[in-house]
Amino acid sequence: MSAKLIKGSEIREQILAEIKKEVEDIKAKYGKVPGLVTILVGENPASISYVTLKVQTAHSLGFHEVQDSQPVDLSEEALLALIDKYNKDESINGILVQLPLPKHINEKKVLTAIDPDKDVDGFHPVNVGRLMIGGSEVKFPPCTPAGIQELIVRSGTVTKGAEVVVVGRSNIVGKPIAVMMMQKAKGADSTVTVVHTGTKDLAGHCKRADILIVAAGVPGLVKPEWIKPGACVIDVGVNRVGEKVSEKTGKPVPILRGDVDFDAAKEIAGSITPVPGGVGPMTITMLMANTLKSLKFKLGIPV
Ligand code: NAD
C-alpha cells in the first residue's frame with residue numbers, strides 16, 4: 001500500500017485563496033483590511049528570510065503590512081516602547097516579533113508586552129490559557145499546531161474518537177496540538193496521549209495511534225513498525241541532515257529529513273505528510289488566518 005500524501009503546499013494555496021476572498025469582502029463592506037507588523041531586530045539571515053516570506057504573503061493577500069527593521073543594538077526599553085506604539089495603533093491587528101532576539105533583550109518580557117488581542121502567534125500566556133479553556137475562548141491557536149489540525153481535517157481524517165498520539169511536549173508544537181485535539185470541537189474530540197523523552201514504551205504507544213503527530217526533532221525516530229496500518233501520520237520534524245547542490249540555482253541547499261522514516265512509513269500509513277512540503281508551508285498560512293481573525297474579532301464578524 002502506498003499512503004495518500006497530505007500536501008501542505010497545496011492545502012496552503014486553498015487556505016490563502018479563502019483568506020484573500022474574505023479580505024476583499026471585508027474591505028468592500030467595512031473599508032478595512034487586516035494589518036500585520038513584523039518587528040525584526042538585527043540582521044540574522046534566517047530571520048530576514050522568514051520575515052520577507054511573511055511580509056510577501058501578507059502583501060499578496062491585500063493586508064496592510066509593516067516591516068519594522070531595527071538595529072541589533074536596539075535597547076529592550078526601546079523595543080517595549082515600539083510594541084506599545086503598535087498595541088495602540090488602530091490599523092494593526094497582529095504584532096509579530098521575529099525570534100530569536102539579541103541576547104541583551106528578555107524575550108519573555110517582550111512577548112508578554114504584546115496586547116493578547118494582537119498576539120497572532122498565540123504565545124502570550126493569556127492566549128495559552130484561552131487555548132486550554134477551549135470553545136469560544138480561543139482567539140489565536142499557535143500557528144504550527146493550527147496548521148497541523150487543518151492538514152488533518154482537510155485530508156478527510158476522522159478525528160472524533162480517534163486515538164491521537166503526539167510525540168514531543170514542546171510549548172510551540174507538542175503541548176498545544178495535544179490540547180487542541182482533545183477539545184470537544186470540530187476537527188478534534190480525540191483521545192490524546194503525549195509521549196516524550198520520559199516515556200517507557202514509545203513504540204507501543206505509537207502503534208495504537210489512528211493519528212500520529214511527531215514533533216521530536218530527531219531524524220527518522222519513528223520506525224515503520226511503530227505505525228498502525230492505515231494511520232494518518234503528521235511529521236512535524238524538520239532536520240538538516242546534510243547539504244546538496246540545488247539543480248535550479250547551483251548553490252548549496254540543506255537536505256531536510258522528518259522525524260519519520262518516510263520511505264518505509266508511506267507503505268504502511270493511510271496518509272502521511274512529506275518533509276519538506278507537509279507541515280512546513282502551513283505555519284505562515286495560519287499566521288495570516290490569525291491576523292484576519294483578529295480584524296474579524298474587532299469588527300464583530302463571527303469567526
Ligand atoms: P523541541 O526540541 O522544543 O521539543 C522536542 C520534543 O520532543 C521534546 O518535548 C522531547 O521530549 C521530545 N523528544 C525528543 N527526542 C525524543 C525521543 N528520542 N523520544 C521521545 N521524545 C523525544 O522541538 P519543537 O520546537 O517542538 O520542534 C520539533 C521538530 O519540529 C523540530 O524538528 C522542528 O524543526 C520542527 N518544527 C517544524 C515547524 C514547521 O514545520 N513549521 C514548526 C516548529 C517545529
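This tour moves from the ligand to the two largest pockets of the structure. The model is predicted, and residues are numbered from 1 along each chain.

**Stop 1: the ligand and its shell**

Begin by selecting the ligand, and then display the 20 residues around it. Among these, colour R169, S170, V236, V238 and T283, which come nearest to the ligand. What kinds of residue make up this shell? The shell divides into nine nonpolar, ten polar and one charged residue.

**Stop 2: polar contacts of the ligand**

Next, select T283 and show its side chain. An N or O atom in that side chain lies 2.7 Å from a nitrogen atom of the ligand. Turn then to the backbone of V236, where an N or O atom is 3.4 Å from an oxygen atom of the ligand. The backbone of T197 may be shown as well: a polar atom there is 3.4 Å from a ligand oxygen atom. With these contacts in view, consider the surface of the ligand. Taken alone, the ligand exposes 860 Å², and the protein buries 70% of that area.

**Stop 3: the largest pocket**

Hide the ligand and turn to the empty space in the protein. Rolling a probe the size of a water molecule over the atoms reveals where such space is left. The largest pocket has a volume of about 1600 Å³. To find its centre, select Y50, V238, G280, T283 and I284, the nearest to that point of the 43 lining residues. T283 and V238 were also among the residues selected at the ligand.

Now show the secondary structure. Elements that give two or more residues to this lining include the helices α1 (8-30), α2 (45-60), α6 (143-154) and α10 (282-299). The strands β4 (94-97), β9 (239-245) and β10 (252-257) do so too. Which element provides the largest share of the lining? It is α2, with seven residues. Coloured by type, the lining comprises 24 nonpolar, 13 polar and six charged residues.

**Stop 4: the second largest pocket**

Finally, select P141, Q149, E150, M286 and K293. Of the 29 residues lining the second largest pocket, these lie nearest its centre. The volume of this pocket is about 1000 Å³. Helices α1, α6 and α10 each supply at least two residues of its lining, and α10 gives the most, with seven. Colouring by type shows 14 nonpolar, seven polar and eight charged residues in the lining of this second pocket.

Methods. Predicted model: local features only at pLDDT ≥ 70, side-chain atom pairs only at ≥ 80, totals over all residues. Heavy atoms only, no water. Near = heavy atom within 4 Å. Polar contact = N/O pair within 3.5 Å; in protein donor to acceptor, adjacent residues only side chain to side chain. Areas by Shrake-Rupley, 256 points an atom, 1.4 Å probe, with all protein chains shown as cover. Nonpolar A, V, L, I, M, F, W, Y, C, P; charged D, E, K, R; others polar. 1 Å grid on protein atoms, 1.4 Å probe; cavity = no way out; pocket = protein on both sides within 12 Å on 5 of 7 lines; lining within 4 Å. Points joined across faces, edges and corners; volume = space filled by probe spheres on them. Helix = DSSP H or I, 4+ residues; strand = E, 2+ residues; numbered from the N terminus.
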